[in-house]
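Thanks for sharing this one. Below are a few notes from my reading, set out as numbered points so that you can follow along with the model open.

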Amino acid sequence: GLRGNPVVICVSLMASWGMVLAAIVAPDAFFGLAAESKRWLTSSFTWLFIASQNVWVFFIIYIALNKQFGELKLGHIDTKPEYSTVGWFFMMFGSAGVGTGLFYYGVGEPILHLTYNRYAAKSYLTYNERSQEAMNLTFYHWGIHAWTCYTVVGITIGITSHRLGLPMTIRSAFFPLFGHAVYGFVGDLIDALSICTTLIAICT
């Protein structure tokens, strides 16, 4: 049947509804703080975001080229894939994956970045140069760096779930670091934080 963790559900609901109520009660203060926080985070940590993504890209390349890890099954040794490679491809890019996003944002995002990016106000850039910059930003969001994020999370949760028998949740990815502490409040906090950050990312 349907099961849930009451601590994770309550903490994530309280945090989410707390932000919603704050936006309703004091919209000017809330959105002003949100805009200022986003501006500060962008100006202070963009370098860290870009650099860390590049590190993950090289990490995934290393794993793929290393025979010890590149041929490792996410499931048990004797298990066989439930779907074919072609089936997985169509699930990701077709019916239930990034296909929908690519279909819409493949056109919408370059146009957005063409009219709104850090170079838009620079009069010394030509229209073609700003167009190329818009495409570069789009490639970054939908290219290798984006897929690296999906791959790291998928590999981590896949191994801990199918190999170690842990629940298919974000907390399980931290089992190698925190051990059995993921079964307690630390794990609940990780899952609740992952829900809230996912919600915030979708809204922004």
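The points below go from the overall layout to helix contacts, aromatic pairs and single residues.

1. **Overall layout.** Please keep in mind that this is a predicted model. The protein has 10 helices and 0 strands, and its elements run α-α-α-α-α-α-α-α-α-α from the N terminus on. Along the principal axes, the C-alpha atoms fill a box of roughly 60 × 45 × 30 Å.

2. **Burial and contact range.** How many of the 204 residues count as buried, as a percentage? The figure is 22%. As for contacts between residues at least 6 apart in sequence, 52% of them join residues at least 24 apart.

3. **H1 against H2.** Helix H1 (residues 6-25) and H2 have axes that come within 5 Å and cross at roughly 120 degrees. With that angle, H1 is oblique to H2. On the H1 side the contact is made by Met 19, Ala 22, Ala 23, Ile 24 and Val 25, which meet Pro 27, Phe 30 and Phe 31 in H2. Sorted by class, the residues of this contact are 8 nonpolar, no polar and no charged.

4. **H6 against H7.** Here the axes of H6 and helix H7 (residues 144-163) are 4 Å apart, and the helices pack at an angle of about 15 degrees. Because angles under 35 degrees count as roughly parallel, H6 is roughly parallel to H7. In H6 the residues to look at are Tyr 140, His 141 and Trp 142, and their partners in H7 are His 145, Ala 146 and Trp 147. This contact of H6 with H7 has 4 nonpolar, 2 polar and no charged residues.

5. **An aromatic pair, Trp 40 and Phe 45.** The count of aromatic pairs comes to 9. One of them joins Trp 40 and Phe 45, with 5.4 Å centre to centre and 80 degrees between the planes, an edge-to-face arrangement. Trp 40 is partly exposed at 47% relative accessibility, and Phe 45 is likewise partly exposed, at 35%.

6. **A long-range pair, Phe 49 and Tyr 140.** What is the geometry of the rings of Phe 49 and Tyr 140? Their centres are 6.2 Å apart and their planes stand at 65 degrees, so the pair is edge-to-face. This pair links distant parts of the chain: Phe 49 is in helix H2 (residues 27-65) and Tyr 140 is in helix H6 (residues 127-142), 91 residues apart. Phe 49 is partly exposed, with a relative accessible area of 46%, whereas Tyr 140 is buried, with 18%. You will recall Tyr 140 from point 4, where it is one of the H6 residues that meet H7.

7. **Asp 188.** Is Asp 188 buried or exposed? Its relative accessible area is 10%, so Asp 188 counts as buried. This residue lies in helix H10 (residues 185-203). Leaving out residues up to four places away in sequence, Asp 188 touches Asn 5, Val 7, Val 8 and Arg 171. Of these, Val 7 and Val 8 fall within H1 (residues 6-25).

8. **Cysteines.** The count of disulfides comes to 0. In general terms, a disulfide is a covalent bond between the sulfur atoms of two cysteines. Cys 149 is partly exposed at 33% relative accessibility, while Cys 196 is buried at 10%.

9. **Leu 33.** Leu 33 sits in helix H2. At 58% relative accessibility, this leucine counts as exposed, because the class begins over 50%. From Leu 33 to Cys 149, the separation between C-alpha atoms is 28 Å, and the two residues are 116 apart along the chain.

10. **Glu 82.** Where does Glu 82 lie? Glu 82 belongs to the loop between helix H3 (67-70) and helix H4 (85-95). With 70% relative accessibility, Glu 82 counts as exposed. The C-alpha atoms of Glu 82 and Gly 158 are separated by 14 Å, with their positions 76 residues apart along the chain.

Note on methods:
Residues are numbered from 1 along each chain as its sequence is written. This is a predicted model: local features need pLDDT of at least 70, side-chain atom pairs count only at pLDDT 80 or more; totals for chains, interfaces and linings use all residues. Side-chain values use heavy atoms; hydrogens and water are left out. Rings of Phe, Tyr and Trp (its six-membered ring) pair if their centres lie within 6.5 Å; planes under 30 degrees apart count as stacked, over 60 as edge-to-face and the rest as tilted. Buried means under 20% relative accessible area, exposed over 50%, partly exposed in between (1.4 Å probe, protein chains only). Helices (H or I, at least four residues) and strands (E, at least two) are DSSP runs, numbered from the N terminus. Axes are lines fitted to C-alpha atoms, for helices over the stretch in contact, and angles run from 0 to 180 degrees between N-to-C directions. Angles under 35 degrees count as roughly parallel, over 145 as roughly antiparallel, 65 to 115 as roughly perpendicular and the rest as oblique. Contact means heavy atoms within 4.5 Å. Ala, Val, Leu, Ile, Met, Phe, Trp, Tyr, Cys and Pro count as nonpolar, Asp, Glu, Lys and Arg as charged, and the others, Gly among them, as polar. A disulfide is a pair of cysteine sulfur atoms within 2.5 Å.
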